[in-house]
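Q: Got a minute to go through this structure with me? I'd like to start with one residue and then look at salt bridges.

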Amino acid sequence: MKVGGTHFRTIWLKSDDERVVQLIDQRFLPHRFVIEEVRTVEQMARAIREMHVRGAGLIGASAGYGMYLATIEATLHPALSGSDQHLVRAAAQLQATRPTAVNLSRAVERQLMSIGEGKTTQEKVTLALRTATLIADEDEEQCRLIGQHGLKLIQEIARNKTGKPVNVLTHCNAGWLAFVDYGSATAPIYAAHDTGVSLHVWVAETRPRNQGSKLTAWELAEHGVPHTVIADSAAGHLMQHGEVDLVIVGTDRTTYTGDVANKVGTYLKALAANDNSVPFYVALPSTSFDWNMRDGLKEIPIEERGPEEIKHADGWLDGQHAEVRIAPEETRAANYAFDVTPRHLVTGLITERGICGANEKDIRALFPEHAP
């Protein structure tokens, strides 16, 4: 996607030094566009844990590059050279950063298998770079294809609206900032906008980190897509009054039976959509499926983050980043980062291979290589 007319992916290698990974530090958006340089696996783990990068696909790509940096470290420090233990520790360090997104562990495991084929340290570095690049490139292409399949849904609604804008509601940020490019939930929106479909996006603010009002709104503005930020709790009201034609959200982990883990608050929007007969779709690349989990409510680990995210808010004040306390200091806060939407509330899943029902039969039919 473009920022100020210049194309960016969310993560890439520095052009004049392939030992350095560059990424968009999302903590400063939408007020400042900051590019961070990452040189060690420790720095990459911190970037994932502290949400310099976030979103299922981008977390996976970042972990892939993190393992690449770990192999470089082995060449720079003789004591680590050829040490599989160093790579195992690096893998564990990355996997411990955030528990819900399945893309992270899958990328690390893929790297360990690839690197293991190398006979020398340099071969390991070459294989790790190749695999990290593949993970990132595949993520971008899968999101592009999600956009093409989801476009058909929006076009069908547009045909029945006789020129009036299609109103799409989103939650959190499943945009290009959450992936390497295009995004999952936003990919159909961008594709529709680019083909001339009249549409408008309701952007749920997504407390407590406000990824909707900070990131999704910024993305849509950069792309020229009409949008309006709303309070999270206003979504049901809009659906009751016929102001939402379609809900599209992303996911950090979806079971092979169709249960969906996404940013907390997604379940409530699915309930409202179901009560008002509004189609509720989840957009995801196949890397976000968990082929080992059946019952999302019982099995998907739900990340709990620090209470300060609930009790404080941050923004831009007089040209400076500022943070304020919004709850009594002594008050306890529980910060659940995700919830699970049961499959019966999901109209369909938009993947790189097409759209399917949120059930085991349809999912496995679309991805037969994962048949039991």
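**One serine, then some salt bridges**

A: Sure. The side chains of Ser-286 and Glu-352 are joined by a polar contact of 2.5 Å (a pair of N or O atoms within 3.5 Å; within protein, one must be able to donate a hydrogen and the other to accept it, and residues adjacent in sequence count only if both atoms are side-chain atoms). This is a predicted model: local features need pLDDT of at least 70, side-chain atom pairs count only at pLDDT 80 or more, and totals for chains, interfaces and linings use all residues. Residues are numbered from 1 along each chain as its sequence is written, and side-chain values use heavy atoms, with hydrogens and water left out.

Q: Is Ser-286 buried or exposed?
A: Ser-286 is buried, because its relative accessible area is 15% (buried means under 20%, exposed over 50%, partly exposed in between, with a 1.4 Å probe and protein chains only).

Q: OK, new topic: how many salt bridges are there?
A: The structure holds 21 (each a side-chain nitrogen of Lys or Arg within 4 Å of a carboxyl oxygen of Asp or Glu).

Q: What does Glu-138 pair with?
A: Glu-138 forms a salt bridge with Arg-110, with the closest N and O atoms 2.8 Å apart.

Q: And how exposed is Glu-138?
A: Glu-138 is partly exposed, at 31% relative accessibility.

Q: What about Asp-290 and Arg-253?
A: Their side chains meet in a salt bridge, 2.5 Å from N to O. Both Asp-290 and Arg-253 are buried.
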